[in-house]
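Let's talk through a protein model, starting with the whole and then zooming in. Have a look at it first.

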Amino acid sequence: MSSSSSGPAGHSRNRASTRDAGPHGAATAAKTVSYRMPPSSIPADRQIDLLAATVTTCATGRSAAKIRDLTRETGLTRDVTPALRFLTDTGLLTSGPAGWAPTVAGARVGRAWTTDRETARSLLGEAWRDCWVYRLLASSVTPDTPLSVEDIAKAMRPYPTSRLTPWVHLVDWLELAGYVERSDDGTLRLTAPADGTGSTAQESPRGSAGAAAPPDPQLGLVLPLSLDQLGQLTAEDYRAVMQSLAAIYDVLARQRS
């Protein structure tokens with residue numbers, strides 16, 4: 001992996017107005033922005049194995065999967081919890097006292113991952129259109145410019161003194177989701193949909209139904225579905241919706257008690 005820059009990365013954020021808010025966040029006078037990063041100790045594709053294992057476990061009738069279930073299914077024993085928190089923060093899982101359960105989008109990605117990884121990658125790209133990962137990429141990097149992994153990582157991290165390693169690892173996720181593609185010379189370019197407008201998330205009905213809502217990643221809330229949309233879901237997707245809602249209500253009930 002080369003650390004030399006192969007082209008300028010564009011920045012849409014005013015770095016002069018930020019101060020350090022920690023390793024993965026930026027703070028302004030009005031608002032603090034914090035990003036939960038994936039653990040660099042687990043490759044991106046192995047972290048999706050955790051998502052797939054959650055889907056498999058919940059498909060047996062369980063309302064949620066425990067850490068021990070996922071460890072048994074994947075063989076992963078280190079940094080599993082940080083990986084699950086990243087998957088929750090990006091709308092693929094929900095979390096609660098009972099454990100971890102997939103959102104509608106997460107169930108689609110996880111099921112496809114075990115049989116057709118190219119389809120799973122496309123579904124991941126769709127699911128993240130309204131996620132901070134995609135939005136930050138689109139607002140940080142100039143399209144049609146060949147960049148190194150480090151170029152993209154440096155452009156996306158919110159503050160120059162933030163640790164670069166987690167952001168370098170996030171680039172693996174960008175490639176997995178199809179947001180960047182690698183050239184023969186090893187440089188990366190944004191793929192066509194990453195135009196920074198955010199229009200894809202609003203214009204795609206499937207994206208609205210499949211992606212998790214960003215307002216409260218700790219609760220893993222999913223976007224509300226109309227009756228027509230519920231009627232169009234497969235039995236497995238419908239079950240995933242019900243499991244997500246059950247986990248959310250369980251958390252809310254405990255908070256209010």
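What follows is a short chat between a student and a tutor about this predicted model.

Student: How many helices and strands are there in the protein?
Tutor: Both kinds of element turn up here. The tally for the protein is 12 helices and 7 strands.

Student: What percentage of the residues is buried?
Tutor: Buried means under 20% relative accessible area. The protein has 257 residues, and the buried share of them is 49%.

Student: Is helix 6 largely enclosed or not, and which residues in helix 6 are buried?
Tutor: Helix 6 covers residues 132-140. Because 7 of its 9 residues are buried, helix 6 is largely enclosed by the rest of the structure. The buried ones are W132, V133, Y134, L136, L137, A138 and S140.

Student: Now D69: is it buried or exposed?
Tutor: D69 belongs to helix 2, which runs over residues 67-74. The cut-off for buried is under 20% relative accessible area. D69 has a relative accessible area of 4%, so it counts as buried.

Student: Which side chain does the D69 side chain join in a polar contact?
Tutor: Leave out residues up to four places away in sequence, and D69 touches T57 and R62. A polar contact of 2.5 Å links the D69 side chain to that of R62.

Student: What share of the exposed area do carbon and sulfur atoms supply?
Tutor: Start from the total: the protein exposes about 12200 Å². Of that area, carbon and sulfur atoms supply 51%.

How values were computed: Residues numbered from 1 in each chain as written. Predicted model: local features only at pLDDT ≥ 70, side-chain atom pairs only at ≥ 80, totals over all residues. Heavy atoms only, no water. Helix = DSSP H or I, 4+ residues; strand = E, 2+ residues; numbered from the N terminus. Buried < 20%, exposed > 50% of the residue type's maximum accessible area, 1.4 Å probe, protein only. Polar contact = N/O pair within 3.5 Å; in protein donor to acceptor, adjacent residues only side chain to side chain. Contact = heavy atoms within 4.5 Å. Areas by Shrake-Rupley, 256 points an atom, 1.4 Å probe, with all protein chains shown as cover.
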